[in-house]
Amino acid sequence: MSKLKDFLKSQIHIICLFIVFSLCFVIIFIISDYSLDEFFLGIEIIGFLLLIYLSIQYSKFRKEESFKEKYEKLLDENKRLRSSYINEKKDLEEYFLLWTHQIKTPITVANLILNKKSDPDTKKLKEEIFYIEEYTNMAINYIKLTDRATDMDIEKVDLDRLIKTLLKKYSLIFINKKISLDYKDTKVEILTDSKLLSIMIEQIISNALKYTEEGKIRISFDKEKSTLSIMDTGIGIRDEDLVKIFDRGYSGFNGRVNHKSSGLGLFLVREISKILKLRVKVKSKLGQGSEFFIIFPANLTKL
């Protein structure tokens, strides 16, 4: 019954037009002194045609209402599923975030125990535990990056202090692998988010160490081009892999050679570069090494 009322409301203009037309018609017949029998006959014909028209329109109206009801149900179901997915995703992220934080405790304890020894096997074990901790931090960073609930903390960042903190963190790997470092102070301050930039540079340094067995790593800054360069003398990257190295989960040939590759590090680099409005480029030759470039907007470095 409610549908019929809604339909009649939607057709009120046609019904009003019929009533107005009928009134005009009867006035004309009265003024002209025509027979009212002919008037009633005309009204019956027009009324019959109106009834056919309204029947057809009512059938269409019911179909449209049925589609609307189904559409609204689908929207409600979509909202319900989306809400359920968001809640499940949040619970999963919170679980893994908690797990990655908890696993750092036994890593710290293991490091404390190993620090009491200094034989070659212990050094190698320390290096492996360092990588376990690195992957744990990478997982934490990935989870935080994919669920950015807070705004960036933009501030002046001392690039030298940031890089030296990372180099100190990776000093064990430099020493164990006997890789030399070529680095001079950049004397540059950058307006950016220090945490995100630190994660970005760390992933590139980590990769350079991971794929360099001997030789050196050079870190330099070109003030004219506002570009930070991180170069290594490692195994390099194949040409066919270069276009895919920033894809999530892609490790390429190097990942098969070095089983420590997770395929997340350079993905984080690319995602952070988008957030910080930076550009990242890479050039590499297989067997000769790689060089990554982080290009800053000039207005963020010339403070």
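A residue counts as partly exposed when its relative accessible area lies between the buried range, under 20%, and the exposed range, over 50%. E240, at 48%, is therefore partly exposed. With that yardstick in hand, here is a friendly tour of this predicted model, covering its overall make-up, its salt bridges and its aromatic pairs.

**Overall make-up**

- The protein chain contains eleven helices and seven strands.
- Of its 303 residues, 35% are buried.
- Taking contacts in the protein chain between residues at least 6 apart in sequence, 73% join residues that are at least 24 apart.
- About 19,500 Å² of the protein chain is exposed, and carbon and sulfur atoms supply 59% of that area.

**A salt bridge between two helices**

- The count of salt bridges comes to eleven.
- One of them pairs K169 with E202, whose closest N and O atoms are 2.5 Å apart.
- This pair links distant parts of the chain, since K169 belongs to helix α5 (residues 159-169) and E202 to helix α7 (residues 194-210), with the two positions 33 residues apart in sequence.
- The two partners fall into separate accessibility classes: K169 has a relative accessible area of 34% and is partly exposed, whereas E202, at 10%, counts as buried.
- E202 is called buried because 10% is under the 20% cut-off.

**Salt bridges around R238**

- R238 takes part in a salt bridge with E240, at 3.6 Å from N to O.
- R238 also forms a salt bridge with D241, where the closest N and O atoms are 3.2 Å apart.
- R238 itself is partly exposed, with a relative accessible area of 23%.
- Its two partners differ in their surroundings: E240 is partly exposed at 48%, while D241 is buried at 3%.
- Elsewhere among the salt bridges, shared partners join D247, R270, E271 and K274 into one network.

**Aromatic pairs**

- The structure holds three aromatic pairs, and two of them are described here.
- F221 and F296 form a tilted pair, because their planes meet at 40°, with the ring centres 6.2 Å apart.
- That tilted pair links distant parts of the chain: F221 is in strand β4 (residues 216-222), F296 is in the loop between β7 (289-295) and α11 (298-301), and the two are 75 residues apart.
- Both rings of this pair belong to buried residues, with F221 at 16% relative accessibility and F296 at 4%.
- F246 and F292 make an edge-to-face pair, with 6.4 Å from centre to centre and 85° between the planes.
- F246 sits in the loop between α8 (239-242) and α9 (252-257) and F292 in strand β7, so this pair ties together parts of the chain 46 residues apart in sequence.
- F246 counts as buried at 14% relative accessibility, and F292 counts as buried at 6%.

**Putting the pieces side by side**

- Three of the links above span distant parts of the sequence: K169 with E202 across 33 residues, F221 with F296 across 75, and F246 with F292 across 46.
- Strand β7 is worth a look in the viewer, as F292 lies in this strand and F296 lies in the loop that runs from β7 to α11.
- For the salt bridges, it is handy to compare the buried acids E202 and D241 with their partly exposed basic partners, K169 and R238.

Key
Residues are numbered from 1 along each chain as its sequence is written. This is a predicted model: local features need pLDDT of at least 70, side-chain atom pairs count only at pLDDT 80 or more; totals for chains, interfaces and linings use all residues. Side-chain values use heavy atoms; hydrogens and water are left out. A salt bridge is a side-chain nitrogen of Lys or Arg within 4 Å of a carboxyl oxygen of Asp or Glu. Helices (H or I, at least four residues) and strands (E, at least two) are DSSP runs, numbered from the N terminus. Buried means under 20% relative accessible area, exposed over 50%, partly exposed in between (1.4 Å probe, protein chains only). Rings of Phe, Tyr and Trp (its six-membered ring) pair if their centres lie within 6.5 Å; planes under 30 degrees apart count as stacked, over 60 as edge-to-face and the rest as tilted. Contact means heavy atoms within 4.5 Å. Accessible areas come from the Shrake-Rupley method with a 1.4 Å probe; for residues, only the protein chains shown count as cover.
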